[in-house]
Amino acid sequence: MASRNSTVSNQVMWNRLISVVEEQAQALVRTAFSTSVREAGDLSAGVYDREGRILAQAVTGTPGHVNAMADAVGHFIRRIGRDNMFEGDVYITNDPWEGTGHLHDFTVVTPSFLNGQLVGFFACTAHVVDVGGRGFGADANSVYEEGIHIPIMKFAHKGTVDQTLVRIIRSNVREPDQLIGDIYALASCNETGHRRLVDMMGEFGLADLTGISDFILENSRRATLERIKALPRQEASGEMIIDGYDQPITLKVRIKVKEDRIICDFDGTSGIDRKGINVPLVYTKAYACYALKCAIAPEIPNNAASLAPFEITAPEDTIVNAVHPAPVALRHVIGHMIPDTVYDALDKILPETVPSEGAGCLCNFQVSLRPASAAARAAGARRAEVLTFNSGGSGARPTLDGMNATAFPSGVMTMPVEATEQVGPVIIWRKELRPDSGGAGKYRGGLGQHMEVGATTGHEFDFQAMFDRVNHPARGRAGGADGAPTTIAQDDGTAMKGKGKQYVPEGRRVMLSFPGGAGYGNPAERDPAMVKRDLARGYISAEAARETYGLSQSDIDAVTAAVKAGEPV
């Protein structure tokens, strides 16, 4: 009975830790200055034991952050040194190789003390709107051009903030108030986690986290290994070609299922690009592990032990293992394509398990606005940096349609138009789902979006494009059709590139169509009722209903009449 009670108590404490880090994350959402954190949830939060092993992560957040951050605390311990850690300390970095992959992510780590003894750590990461340099985009030729680099160091020592560091940061970025506000928000959210942890430890009479740490890690390791042992001992390769910056990029992976681990080797992937789309290995590992966990052990909580059986390797100087000083600002554009590459291989080992390809990378863009003339400046036009997160469609699943305008694998949310327009003189003239963009199939791919972006009178702007799938749309699986590609141009027909900074004069608008997810299965096998539903909702056109899915003209007319009459279909 004692053993069972101990197990029950440990399970309760494990669940409590998950709620602690979720409250930690929500504290960051509530206090952050950047819309990327407040509105899109581009963040992560976690609690670690004294050895720097992640025990629990917040549900709110991205796998690219939290899985990369799983390795980061070890770097903090090594760089700061345990004998140099004190109550009231706060540590910080935006190092791409010891943080989460690029300079725009600030990671803050706080040691947690109880009765004068170090018991663990809290860590969190957030994407900030600006770090100086060339601005958020792919145009840099090295990391030195991409913005200010803060090595692992103390932001606060025994409760006293390093004001010299604050002044250096403020002097090197375009939005100093936002960035410094976000750093304080990161520190505050860790403090929230620490307070809740102390409360929990007092409630359960814990002097340290050793017992609960061992329980969490041992059970997670065992559960993950059981899932891996149940898989066939096979190997398979996957490959995907994507747009790249100015030439296509090939991503290759070979998966080997062993008895006690799964190996993903990215040998054969394209080399480092001259522009800022390269990926540090820590970010590649984050999304490859995420893809495997989603397919094999989705319900096992994410922690050091459940991640350990997944071994991710890639040769140095490939685009998925870029070493310093490679430019890495848009590492997410390539990194978000890694799960679909992994699934191309995994589908050959576990058929009817993984989805079709989706939009992959987020459809982000940043607008750098400024007065178009001296007269406009005098009339009140101003400079501003506006970053907005958007999504294409996700791929169809073996038994379900893909999700419309939903980010997979990143999981961040699309920013509301109102929030975007509030932070600068930008106007979103149009934002709506893109009919017929989801690939046809027994299960349809998720829809992308149309967007139309401009600025208020008196402003011109630089448009930082961060898109893919322009020339290489999402591929269908098991007979499903490809999703629609990305398109981008100005409203006068001026062509624009999928990546890079591009000038937009006053009065012009940028017309965007984000990609759709691919379909799964033969379109001829789609349930006619689902075709009618899609037609009624405007997800597909009458032409697609007729020519792709074989819906009769009489059925199309009946659906159209029902919609006009406000009747159910």
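Where does Ser437 lie? In this predicted model, Ser437 sits in the loop that runs between β14 (426-433) and β15 (449-455).

**The loop serine**

Ser437 has a relative accessible area of 1%. That value is under 20%, so Ser437 counts as buried. A polar atom of the Ser437 side chain lies 2.9 Å from the backbone nitrogen of Gly448. Gly448 is also among the residues that Ser437 touches. Leaving aside residues up to four places away in sequence, the others are Leu447, Gly483, Ala484, Gly516 and Gly517.

**Two pockets**

Rolling a probe the size of a water molecule over the atoms shows where empty space is left. The two pockets compare as follows.

| Pocket | Space | Lining by class |
|---|---|---|
| Largest pocket | About 420 Å³ | 12 nonpolar, eight polar, one charged residues |
| Second largest pocket | About 260 Å³ | eight nonpolar, six polar, two charged residues |

The largest pocket is lined by 21 residues. Nearest its centre lie Gln57, Tyr290, Lys293, Pro298 and Asn302. Three elements each give two or more residues to this lining: β2 (54-57), α3 (63-80) and α7 (281-296).

The second largest pocket holds about 260 Å³ of space. It is lined by 16 residues. Which of them are the closest to its centre? They are Tyr343, Val354, Pro355, Arg397 and Phe408. At least two lining residues come from α7, and at least two from α10 (338-349). Helix α7 thus appears in both linings, that of the largest pocket and that of the second largest pocket.

Technical notes: Residues are numbered from 1 along each chain as its sequence is written. This is a predicted model: local features need pLDDT of at least 70, side-chain atom pairs count only at pLDDT 80 or more; totals for chains, interfaces and linings use all residues. Side-chain values use heavy atoms; hydrogens and water are left out. Helices (H or I, at least four residues) and strands (E, at least two) are DSSP runs, numbered from the N terminus. Buried means under 20% relative accessible area, exposed over 50%, partly exposed in between (1.4 Å probe, protein chains only). A polar contact is a pair of N or O atoms within 3.5 Å; within protein, one must be able to donate a hydrogen and the other to accept it, and residues adjacent in sequence count only if both atoms are side-chain atoms. Contact means heavy atoms within 4.5 Å. On a 1 Å grid over the protein atoms alone, a cavity is a set of points where a 1.4 Å probe fits but cannot get out, and a pocket is an open set with protein on both sides within 12 Å along at least five of seven lines; lining residues have an atom within 4 Å of a point. Grid points are joined across faces, edges and corners, and a volume is the space filled by probe spheres set on the points. Ala, Val, Leu, Ile, Met, Phe, Trp, Tyr, Cys and Pro count as nonpolar, Asp, Glu, Lys and Arg as charged, and the others, Gly among them, as polar.
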